[in-house]
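Reader: I have a new model open. Could you walk me through how to read its features?

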Amino acid sequence: MNGELAKIRLDRIRSLAENCRLCPRRCGVNRTRGGTGACGAGRRAALFMEYVHWAEDADLVPAQTLYLAGCNLGCRFCQTRAERNRLPEIELTPALFRDILARGREAGAATVNVLGGEPTVNLPALLELFAETGDFPGLVWNTNLYGSSEAFELLAGVADIFLGDLKFGNPGCAAGLAGAADAGEVARERAEEIFARSPEALIVRHLVLPGHFACCARPVLEWIGRRLPGVRVSLKTIYAPPPGLAPADGLNRFLPREEAGAALELAREIGLRLTRDAPPPLPAAPGTASRPGSLPTVCEALISPEGGIYLRHITREVFEAARAAAAPRD
Ligand code: SF4
């Protein structure tokens with residue numbers, strides 16, 4: 001992350017935020033005066049969870065991961081809504097951010113991963129923070145890509161990696177699943193712009209949803225093959241239903257193995273450059289606690305009807321325990 005560049009861009013981000021046009025919602029509120037729009041993000045960034053994540057893609061781990069409040073999509077399958085709703089938020093001050101960075105370095109973190117919620121709706125606060133704290137390596141902007149072109153332009157050269165979701169294959173699914181019919185189209189536009197500026201700065205992610213192979217996974221993967229040749233692709237075939245979905249909701253089930261297999265096979269047929277999951281060997285980094293005392297980390301384990309074990313929020317301790325449990329016994 002380039003702090004000098006963040007500083008240079010403060011005037012432009014303030015002007016975007018005064019009549020908020022950071023994303024296609026174009027709420028027009030004055031975010032610099034504390035106005036809030038559809039995303040609910042405020043003048044300052046608020047953090048609800050933070051830890052060093054050991055189960056991100058191999059190129060990104062260990063990932064110091066900061067979960068920020070505020071989001072401009074209403075995904076029914078959101079994997080962090082439960083935590084956002086039940087955990088206390090604390091303001092991400094420069095002092096707290098420096099402390100988090102220092103503890104991440106101690107724990108051997110290779111990247112600093114901002115997500116949410118959605119980091120782009122927190123861009124004014126984050127640019128101010130980065131301008132104040134200065135350079136640090138490996139900023140990953142983990143985003144739904146539902147932002148304006150201007151907002152993402154301001155991030156060019158500031159973020160080192162864009163980990164961008166391409167969730168939807170058509171407007172109907174985007175409207176029904178996330179409340180924004182244009183979410184897929186906007187995300188594809190932003191992905192193409194980022195890719196044109198710096199192909200290696202982009203990783204696109206697709207989470208395969210149960211019942212959405214033909215309408216979403218297939219068109220998204222085929223589009224990536226046509227429009228983003230050689231881009232890194234993080235294909236997630238481990239969907240587990242978040243809490244709170246109605247029993248009759250089509251997303252209230254694990255991804256069937258056949259659909260996971262079909263998506264992986266299609267990706268290989270197209271010749272996509274799939275990222276690797278986190279490697280099993282752990283470096284001999286100190287296992288320093290990675291969160292401020294007032295921020296709990298919630299690890300959850302779910303077991304699918306097929307016997308698959310799904311873990312959410314995987315710290316070093318959880319990763320080591322899971323690896324030990326999975327090791328073959330004599
Ligand atoms: S970032 Fe938030 S306030 Fe700004 S346009 Fe988007 S939803 Fe509205």
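Reader: In which loop is the place of R26?

Author: First, a caution: this is a predicted model. R26 sits in the loop between α2 (10–18) and β1.

Reader: What is the value of phi of R26?

Author: Start with the general idea. Most residues other than glycine have a negative phi, and most peptide bonds are trans. Now the case here. Phi of R26 is near 40 degrees, a positive value in a residue other than glycine.

Reader: Is R26 buried or exposed?

Author: Neither label fits, because burial goes by a count of neighbours: 20 or more other C-beta atoms within 10 Å make a residue buried, and 12 or fewer make it exposed. R26 has 13 such atoms, so it is partly exposed.

Reader: Which loop holds L145, and what is its phi?

Author: L145 lies in the loop between β5 (139–143) and α6 (149–155). Its phi is near 60 degrees, again a positive value in a residue other than glycine. The setting is a buried one: L145 has 28 other C-beta atoms within 10 Å.

Reader: Next, the peptide bonds. Which residues does a cis peptide bond join, with omega about -10 degrees?

Author: V61 and P62. P62 is in the loop between β1 (46–53) and β2 (63–68). Another cis bond joins G116 and G117, with omega about 10 degrees. G117 belongs to the loop between β4 (111–115) and α5 (123–133).

Reader: Now the core. Which residues have the most contacts inside the largest nonpolar core?

Author: The general idea first. In soluble globular proteins, nonpolar side chains tend to be buried together. Here the largest nonpolar core has 91 residues, and A191 and V208 have the most contacts inside it. Setting aside residues up to four places away in sequence, A191 touches L145, G164, L166, L202, V204 and L228. Across the protein chain, 43% of the 330 residues count as buried.

Reader: What share of the contacts join residues at least 24 apart?

Author: Take contacts between residues at least 6 apart in sequence. Of these, 72% join residues at least 24 apart.

Reader: How many helices and strands are in the protein chain?

Author: There are 11 of each: 11 helices and 11 strands.

Reader: Take one helix. Which residues of α7 are buried?

Author: Helix α7 covers residues 171–178, and its buried residues are C173, A174, L177 and A178. Look down the helix axis. The buried residues of α7 fall within an arc of 100 degrees, so they line one face. They pack against α8 (183–197) and α9 (213–227). Just after α7 comes G179, with a positive phi of about 75 degrees.

Reader: What is the order of the strands in the open sheet?

Author: Read across the sheet, not along the chain. Its 9 strands run β3-β1-β2-β4-β5-β6-β7-β8-β9, with mixed pairing. The edge strands, β3 (90–91) and β9 (273–274), each pair on one side only.

Reader: In which sense do β8 and β9 pair?

Author: Parallel, over 2 bridges; β8 spans residues 232–236. One residue to check is V233, whose bridge partner in β9 is L274.

Reader: Last, the ligand. How many residues surround it?

Author: The ligand has 13 residues around it, and the closest are C20, C23, C27, G37 and C39. By class, the shell has 9 nonpolar, 2 polar and 2 charged residues.

Terms used: Residues numbered from 1 in each chain as written. Predicted model: local features only at pLDDT ≥ 70, side-chain atom pairs only at ≥ 80, totals over all residues. Core = buried A, V, L, I, M, F, W, Y, C linked by C-beta atoms within 7 Å. Contact = placed C-beta atoms within 7 Å. Helix = DSSP H or I, 4+ residues; strand = E, 2+ residues; numbered from the N terminus. Near = placed C-beta within 6 Å. Nonpolar A, V, L, I, M, F, W, Y, C, P; charged D, E, K, R; others polar. Arc of directions from axis to C-beta. Pairing = 2+ DSSP bridges.
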